[in-house]
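User: I would like to learn how to read sheets, cavities and unusual backbone geometry in a model. Could you take me through them one at a time?

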Amino acid sequence: MISLKSALAKPFAKRVYKSIQKWANNPIETQEKVFQELIATATKTVFGQDHDFVSINNHADFVKRVPVRDYEGLKPYVERMVAGEPDILWEGKPLYFAKTSGTTSGSKFIPITKESMPTHVEAARNAILMYIKETGNAKFVNGKMIFLQGSPILKEQNGIQLGRLSGIVAHYVPKYLQKNRLPSWDTNCIEDWETKVDAIVEETLPENMTVISGIPSWVQMYFEKIKTKTGKPVGEVFKNFNLFIFGGVNYEPYRAKFEKLIGRKVDSIELYPASEGFFAFQDKQNEKGMLLQLNSGIFYEFIKADEFFTENPKRITIKDVVVGVNYVMLISTNAGLWAYNIGDTVQFTSTKPYRVIVSGRIKHFISAFGEHVIGKEVEQAMQEAISGTNVQVSEFTVAPQINPEQGLPYHEWFVEFENAPENLSKLARKIDQSLQKQNTYYFDLIQGHVLQPLKITTVKKDGFQKYMKSIGKLGGQNKLPRLANDRKIVDQFPQFN
């Protein structure tokens with residue numbers, strides 16, 4: 001018998017699908033409308049007056065008047081908002097500040113306004129509805145759903161609530177999902193991540209779990225604990241678990257490990273959320289990339305990543321982007337961020353409609369020797385190398401070795417294996433060949449004997465988790481950088497090996 005909830009989900013999904021098609025099929029006009037609304041609304045703000053918004057009529061005017069900034073560049077304005085001043089970056093005061101732990105600037109306070117808050121919630125909802133529309137599968141809405149997230153406890157400062165984004169969003173779960181949602185409020189409020197995951201395991205084991213979501217590395221920890229406790233694969237413990245929703249990192253390096261932990265394949269939906277906005281979600285099961293949210297109060301600009309650090313890099317809008325090029329993504333939003341560099345690099349997989357993949361972080365790359373290697377390239381190299389083998393990787397990161405004891409410099413890959421290869425140097429060769437094929441700079445440096453091929457250093461089980469715990473970033477929305485241009489992270493690994 002079809003339950004009322006799943007019966008209602010299908011017509012709702014159809015309606016949302018139609019509304020998404022409207023803006024997805026009119027992308028340039030949609031973005032132009034968003035741009036004009038943003039400028040008009042913020043003209044009388046402090047930022048709008050400082051940057052002469054009243055005389056901005058088009059993107060060219062905007063580029064002349066509003067320079068690219070990161071958090072540090074906007075910080076003087078944000079500090080005035082945190083102090084309680086209204087009408088600084090956006091009209092009025094924000095509803096919330098999403099507090100994030102930045103790697104370079106300490107704590108960041110990202111404003112969330114009454115206009116921007118609904119877009120965070122709607123995009124996640126729409127991702128699920130688009131999945132229902134495409135597959136016809138709505139049975140999972142009757143079971144229990146879990147999202148591994150930060151604590152929903154918020155603090156107040158000058159009349160504005162602040163907390164982690166996932167904790168803020170927890171206050172906006174639709175009523176019709178409240179009964180289905182786990183973990184419980186008390187469990188969600190546990191601060192220590194390992195204690196929290198143990199409590200989530202106890203709470204979910206007796207339930208009919210149908211949807212599980214979170215950052216793959218932390219969901220993996222949850223799955224491992226379930227398997228250890230029950231001696232069964234997750235898919236056997238939760239027989240109706242058929243949908244995994246994730247965001248934050250590329251799932252491919254984890255896929256083989258997850259399928260082993262689950263014991264079977266499950267559908268997945270990729271999301272691209274951040275404190276600064278909800279940018280994209282996977283709208284098709286068999287299409288690469290995520291649908292860029294063009295109608296969510298966010299105006300996008302792009303700069304080619306290899307031009308980003310030049311004197312005057314060209315800023316373009318979606319109408320000029322090209323598939324397969326690595327871009328730094330800039331956003332201007334109805335939360336008051338302007339020409340803001342969130343630090344991510346993206347590549348378009350399609351322009352009809354506009355779909356993206358996250359290719360890495362503009363700060364997370366290796367170019368110690370001019371090779372410009374990015375996150376997407378190392379992840380693809382690892383994926384290609386282990387494909388068709390029984391090798392399984394739990395986690396890895398890459399750093400340059402500039403001063404080896406002997407021989408030429410090289411890239412050092414620190415890898416925690418779930419199932420290690422019999423021949424480590426053979427795997428290293430396969431990874432290296434893939435990297436050379438993808439990146440011509442790296443190819444030239446290897447062929448020109450400037451670098452020697454990469455080397456793999458194995459990390460003991462749970463080594464990465466111990467490292468993240470040691471820096472106070474275990475769990476929640478925290479992610480291990482896939483690669484770095486220095487050895488600050490990897491130099492700490494000997495103590496965990």
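Analyst: What follows is a tour of selected features of this model, which is a predicted one.

User: Let us begin with the sheets. In what order do the strands of the open sheet of 11 strands lie, and which are its edge strands?

Analyst: A sheet is read by its strand order and by its edges. Here the order is S6-S3-S7-S8-S9-S10-S11-S15-S14-S13-S12, and the pairing is mixed. The edge strands are S6, residues 181-182, and S12, each of which pairs on one side only.

User: How is S12 paired with S13, and is S12 mostly covered or mostly uncovered?

Analyst: Strand S12, residues 298-304, pairs with strand S13, residues 327-333, in the antiparallel sense over seven bridges, and one point of register is given by Phe 302, whose bridge partner in S13 is Met 329. S12 is mostly covered, since six of its seven residues are buried.

User: How many bridges join S10 to S11?

Analyst: Two bridges join strand S10, residues 277-281, to strand S11, residues 290-292, and these strands run antiparallel. Phe 281 has Leu 291 of S11 as its bridge partner.

User: What is the strand order in the open sheet of three strands, and which strands stand at its edges?

Analyst: The order is S18-S19-S20, again an open sheet with mixed pairing. Strand S18 (392-401) and strand S20 (455-458) each have a single partner strand, so one side of each is left without a neighbour in the sheet. From one strand to the next, the twist averages 30°. S18 is joined to strand S19, residues 410-419, by nine bridges, and the two run antiparallel; within this pair, Ala 399 stands opposite Glu 412 in S19.

User: Which helices should I look for against S18 and S19?

Analyst: Helix H13, residues 252-262, packs on the sheet and touches S18 and S19, with its direction at about 155° to that of S18. Helix H14, residues 375-386, lies across S18 and S19 and runs at about 130° to S18. In reading the faces of any sheet, a general point helps: in a regular strand the side chains alternate between the two faces.

User: Where does Val 490 lie, and why does it count as buried?

Analyst: Val 490 lies in the segment after helix H17, residues 463-470, and it counts as buried because its relative accessible area is 5%, against a cut-off of under 20%. Apart from neighbours within four places in sequence, Val 490 is in contact with Thr 397, Ala 399 and Phe 414. Its C-alpha atom is separated by 9.5 Å from that of Tyr 467, a residue 23 positions away along the chain.

User: Turning to cavities, how many of 30 Å³ or more are found, and what is the volume of the largest?

Analyst: A search of the whole structure finds two cavities of 30 Å³ or more, and the largest has a volume of about 170 Å³. Of the 13 residues lining the largest cavity, Ser 217, Gln 220, Glu 395, Phe 464 and Gln 465 are the closest to its centre. Helix H11 (216-230), S18 and H17 are the elements that give two or more residues to this lining, and H11 gives the most, with four residues. By class, the lining of the largest cavity has four nonpolar, four polar and five charged residues.

User: Finally, how do I read the backbone, and where are the cis peptide bonds?

Analyst: As a general guide, most peptide bonds are trans, and most residues other than glycine have a negative phi. In this model, a cis peptide bond joins Leu 182 and Pro 183, with omega about 0°, and Pro 183 lies in the loop between S6 and helix H9 (185-188). A cis bond also joins Lys 352 and Pro 353, again with omega about 0°; Pro 353 lies in the loop between strand S14 (340-351) and strand S15 (354-361).

User: And what is phi at Asn 158 and at Ala 339, and are these residues buried or exposed?

Analyst: Phi of Asn 158 is near 50°, a positive value in a residue other than glycine. Asn 158 is found in the loop between strand S4 (155-157) and strand S5 (160-163), and it is partly exposed, with a relative accessible area of 43%. Phi of Ala 339 is near 45°, likewise positive. Ala 339 lies in the loop between S13 and S14 and counts as buried, at 0% relative accessibility.

Conventions: Residues are numbered from 1 along each chain as its sequence is written. This is a predicted model: local features need pLDDT of at least 70, side-chain atom pairs count only at pLDDT 80 or more; totals for chains, interfaces and linings use all residues. Side-chain values use heavy atoms; hydrogens and water are left out. Buried means under 20% relative accessible area, exposed over 50%, partly exposed in between (1.4 Å probe, protein chains only). Contact means heavy atoms within 4.5 Å. Two strands pair if DSSP finds at least two bridges between them. Axes are lines fitted to C-alpha atoms, for helices over the stretch in contact, and angles run from 0 to 180 degrees between N-to-C directions. On a 1 Å grid over the protein atoms alone, a cavity is a set of points where a 1.4 Å probe fits but cannot get out, and a pocket is an open set with protein on both sides within 12 Å along at least five of seven lines; lining residues have an atom within 4 Å of a point. Grid points are joined across faces, edges and corners, and a volume is the space filled by probe spheres set on the points. Ala, Val, Leu, Ile, Met, Phe, Trp, Tyr, Cys and Pro count as nonpolar, Asp, Glu, Lys and Arg as charged, and the others, Gly among them, as polar.
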